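Grab a pencil and work through a few short exercises. Each one comes with a solution that goes step by step.

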Amino acid sequence: DERLTKVEIGVTDLKGDIKVLDEKIEGIDNRLISVEGTQKNQVWTLIILLGSAIITAAWKVFFSSNI
């Protein structure tokens with residue numbers, strides 16, 4: 001009977017640990033989603049900046065008044 005009680009306590013402890021790990025995994029998932037969104041925004045910002053720089057350089061080359 002004492003061994004059975006110890007096993008039941010161990011199972012209860014494991015269930016508690018599993019719940020804690022599940023919460024930690026959910027937190028990590030949420031942070032990963034946030035990071036992925038931030039990286040997408042950074043890529044689009046870089047594309048827009050590079051495009052603007054190319055357009056500005058082309059404008060200066062083709063429409064400069066140095067002729």
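**Exercise 1: a charged pair in the helix**

E2 and K6 both sit in helix α1, residues 2–62, four residues apart, or about one turn of the helix. (Helices are DSSP runs of H or I with at least four residues, strands are runs of E with at least two, and both are numbered from the N terminus.) Before going on, note that this is a predicted model, where local features need pLDDT of at least 70, side-chain atom pairs count only at pLDDT 80 or more, and totals for chains, interfaces and linings use all residues. Residues are numbered from 1 along each chain as its sequence is written, and side-chain values use heavy atoms, with hydrogens and water left out.

Task: find out how the side chains of E2 and K6 meet.

Solution.
- Step 1: take the rule, which asks for a side-chain nitrogen of Lys or Arg within 4 Å of a carboxyl oxygen of Asp or Glu; that is a salt bridge.
- Step 2: check the pair; E2 and K6 are 3.6 Å apart, N to O, and form a salt bridge.
- Step 3: look wider; a search of the whole structure turns up one salt bridge.
- Step 4: check the surroundings; E2 and K6 are both exposed (buried is under 20% relative accessible area, exposed over 50%, partly exposed in between, with a 1.4 Å probe and protein chains only).

**Exercise 2: two rings**

Task: decide whether the rings of W59 and F63 are stacked, edge-to-face or tilted.

Solution.
- Step 1: recall that rings of Phe, Tyr and Trp (its six-membered ring) pair if their centres lie within 6.5 Å; planes under 30 degrees apart are stacked, over 60 edge-to-face, and the rest tilted.
- Step 2: count; this rule gives one aromatic pair.
- Step 3: the ring centres of W59 and F63 are 4.5 Å apart and the planes make 40 degrees, so the pair is tilted.
- Step 4: place F63, which belongs to the segment after α1.
- Step 5: W59 counts as exposed because its relative accessibility is 55%, and F63 does so at 57%.

**Exercise 3: along the helix**

Task: work out where K19 lies and how far it is from I48 in space.

Solution.
- Step 1: K19 is in helix α1.
- Step 2: K19 counts as exposed, since its relative accessibility is 58%.
- Step 3: from K19 to I48 is 29 residues in sequence and 44 Å in space, C-alpha to C-alpha.
- Step 4: for one more residue, D29 is also placed in helix α1, and D29 is partly exposed because its relative accessible area is 40%.
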